[in-house]
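Dear colleague,

Please find the structure below, handed over for your use. My notes on what was found in it follow directly after.

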Amino acid sequence: MKRTLVIADQTVELEITRRRGKTVMTWDGEEFPLDITKVEKSSYSIIMDGRSVGVNVDRIRNADPDLHGFRSTTYDGAYEFTLQDPRKKLLAAAMARSKRSEGNLVRALMPGKVLKLLVHEGETVEEGQALLILEAMKMQNEYTAPTASRVAKVHVEEGANLEINAQMITLEKLEDPA
Amino acid sequence: MPVTKLLIANRGEIACRIMRTCRELEIPTVAVYSDSDRAAMHVRLAILSYPVGPTPARESYMRVDKIIEACRKTGADAVHPGYGFLAEDPDAARQIIEAGLTWVGPAPEVLERMNNKITAREVAASVGCPVLPGIQEILDDEALLDEARKVGYPLMVKPVLGRDGKGMRLVKTAGDLRRALPRVKGDAIFSFWDERVYLEKALIHPRHIEVQVAADQHGNCIHLWEREGSVQRRFQQLCEEAPSPAVSPELRARLGDLAVRIAKAAGFVGVGTVEFLLDQDGNPWFLEMTCRIQGGHAVTEWITGQDLVKWQLDIAQGRELPLRQDQVPLWGHAIQCRINAEDPDREFAPSSGRIQYLRSPQGHNLRNDSGVYFGWDLSPFYAPLVAKISTWGQTRQEALARMHSALMEMRLGGVRNNIAFFRQLLEHKQFISGDLHTGILDHAWWKQKAVGPNLKFAVAAALFDELEMEERRAQQPTPRSDCATSPAAWKSHSKFNRF
């Protein structure tokens, strides 16, 4: 499992894996074997490199649901930081890009499978109307029309497996009726 | 009059503290509680409990009629006010005495005399205690500004009926004073229903030294040495120790003598504290007298081996003091830290919320006075005090080292708190050397929240917590089959992203 750590102005790419009872944390590429056990509710005992430190973990609410806020307390004080799923970070960035581009071509932002096609060629759609559902990374992602449009071309069919950036639907922006 | 059942008109750690002594003395206790305190620790420790109203203290703990009603209903024949709330309220004391109950505290006239800072200053001056120059007359703002120029800045502006540091402001210039006056008056009306203020010359970097006194109904009055409470924020003590590293045996004798004379002149009976400021030349100046048990009393109990709540109950029942002045011991050194749910990095702003984790320190010569437990919700309506940790040592150095160790062990989760701050205080050179003054926390010299040496451990635990959560989530059945047939079903699904 990967996470991006943000503390103060520092960002660290993290990964934690658990295989055959061994837990390893990867900290910006460097591996740290962890002996970690939950000792009480929200409290962990960690032995890392021979050092034993007890850590109490509080989850703190963050305005952005994708940013998981934490306050971890050790004997030397409290550390406040956020952990974020880097996939969601990519998604958020891609989402921002697609919004900016205003393009008429709807592309897959992640590799995935077309779970459901909700429109057909020639149909007119309203702004925000769902076009298709792409299942990617165990999440169902709904793609919607950025503006009121006519569906000019559907490039995919239900059940298709798509690469990232694959063309899915071409839209024609409808002129304002005014 | 004997006390056969004691009602404690308070909550939190002080209510629990009083109940512990009552258990030893086999005096049944009555807890009173507000709506949000039904499950509070003091209710759980008491023999009997009685509800006194809504959460705001003024509508419950400070309602004397409710307290008297609780006594009637539960058969309590005495009231211990603890500190805060009704503790120094002469009207409350009077009503409780008039209801035929025993008031564990000084007489209402004494409370009136010493609550009023102007008459208290007069009492102190009458026995030859140095009193800081000040302006006690009630003047309009312009006249006050004129007088202030004569006394000279800096000055403290204080409510006449003030206590617990509420409303006090330090002013350095006439402009400061002009701005401060309406605010101090506003605070004074809000807290004490009285807008009178007075001015007192402010000392530069004074030390706060308070002498514990006790007086019985038979005219005996002694002192139990001093405490130093210079580590303050918002004029409220965070940490106290006894004896004070600044007090020589000669000064100790002088302070004790002054305190006893002031208590006697005030007609004081009970357990209280005469407070002084020590200027930079080590001269004491009268500050005020608090006529109640104090939050810092544990350090005095450590160095004298006495139980001051037992003393209060003995005095209230007309017994003589258990010790003469020459029998009061002074053993070693004690220090106490008040663990508050507050954020030292944000000007000690209070934090409220549920205690998600609590590990209290343990060990030799360590005491924990707490009124909370794991899972308890700290209400923003009350003081954010979680626990008072105190330690004793043969020497100051030993007491401090023990406290430092205790703070390393203590863990509090769910609320921001000052445990790490205290640890740094105990590592602070100025504090270690005993060179204290009341402005020691004016500038944040302690390390703010930052990246410390245990970051990897702190993060590893959070990362592991995330992993376990993700694994738990993966084990839950996914509603995929529904998705294919019914878009509406997975529209409401939480793992749903919209583009």
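**Helix packing, cores and the contact between the chains**

Helices α4(B) and α5(B) are roughly antiparallel to each other. Please bear in mind throughout that this is a predicted model. The axes of α4 (residues 90–98) and α5 (residues 108–115) of chain B come within 8 Å and cross at roughly 180 degrees, and an angle over 145 degrees counts as roughly antiparallel. On the α4(B) side the residues involved are P90(B), A93(B) and R94(B), which meet P108(B), L111(B), E112(B) and N115(B) of α5(B). By class, this contact comprises 4 nonpolar, 1 polar and 2 charged residues.

The two chains may be described in turn. Chain A has 1 helix and 16 strands. Its radius of gyration is 22 Å, whereas a compact globule of 178 residues would have one near 16 Å. The C-alpha trace of chain A spans about 70 × 40 × 30 Å along its principal axes. Of the 178 residues in chain A, 25% count as buried. Among contacts in chain A with a separation of 6 or more, 36% join residues 24 or more positions apart.

Chain B contains 17 helices and 24 strands. Its radius of gyration, 25 Å, agrees with the value near 23 Å for a compact globule of 499 residues. Along the principal axes, the C-alpha trace of chain B spans about 90 × 55 × 50 Å. Buried residues make up 48% of the 499 in chain B. Residues 24 or more positions apart supply 65% of the contacts in chain B with a separation of 6 or more.

Turning to the interior, the largest nonpolar core has 144 residues. Those with the most contacts inside this core are L7(B), V30(B), V32(B), V79(B), I262(B), A460(B) and A461(B). Helix α15 of chain B (residues 455–475) provides the largest share of the core, with 9 residues. Apart from this core lies another, of 17 residues, which includes V106(A), L131(A), L132(A) and A145(A). In soluble globular proteins, nonpolar side chains tend to be buried together.

V32(B) may serve as an example from the largest core. Not counting residues up to four places away in sequence, V32(B) touches L7(B), A9(B), Y50(B), V52(B), Y61(B), I67(B) and A70(B).

A further position to examine is L287(B), which lies in strand β14 (residues 284–290) of chain B. This residue counts as buried because it has 24 C-beta neighbours inside 10 Å, the cut-off being 20 or more. Leaving aside neighbours within four places in sequence, L287(B) is in contact with E275(B), F276(B) and L277(B). L287(B) and P130(B) are 157 residues apart in sequence, and their C-alpha atoms are 9.6 Å apart in space.

Finally, there is the contact between the chains. It takes 36 residues from chain B and 48 residues from chain A. On the side of chain B that touches chain A, the elements giving two or more residues are β23 (411–413), α15, α16 (480–485), α17 (487–491) and β24 (496–498) of chain B. The largest share of that side, 14 residues, comes from α15(B). Helix α15(B) thus appears twice in these notes, as it also gives the largest share of the 144-residue core. The residues on the side of chain B that touches chain A divide into 22 nonpolar, 6 polar and 8 charged.

With kind regards

Notes: Residues are numbered from 1 along each chain as its sequence is written. Chains are lettered from A and ligands numbered from 1 in the order in which they are written. This is a predicted model: local features need pLDDT of at least 70, side-chain atom pairs count only at pLDDT 80 or more; totals for chains, interfaces and linings use all residues. A nonpolar core is a set of buried Ala, Val, Leu, Ile, Met, Phe, Trp, Tyr and Cys residues joined through C-beta atoms within 7 Å. A residue is buried if 20 or more other C-beta atoms lie within 10 Å of its own, exposed if 12 or fewer, and partly exposed in between; C-beta atoms are placed from the backbone. Helices (H or I, at least four residues) and strands (E, at least two) are DSSP runs, numbered from the N terminus. Two residues are in contact if their C-beta atoms, placed from the backbone, lie within 7 Å. Axes are lines fitted to C-alpha atoms, for helices over the stretch in contact, and angles run from 0 to 180 degrees between N-to-C directions. Angles under 35 degrees count as roughly parallel, over 145 as roughly antiparallel, 65 to 115 as roughly perpendicular and the rest as oblique. Ala, Val, Leu, Ile, Met, Phe, Trp, Tyr, Cys and Pro count as nonpolar, Asp, Glu, Lys and Arg as charged, and the others, Gly among them, as polar. The radius of gyration is taken over C-alpha atoms; the globule rule is 2.2 Å times the number of residues to the power 0.38.
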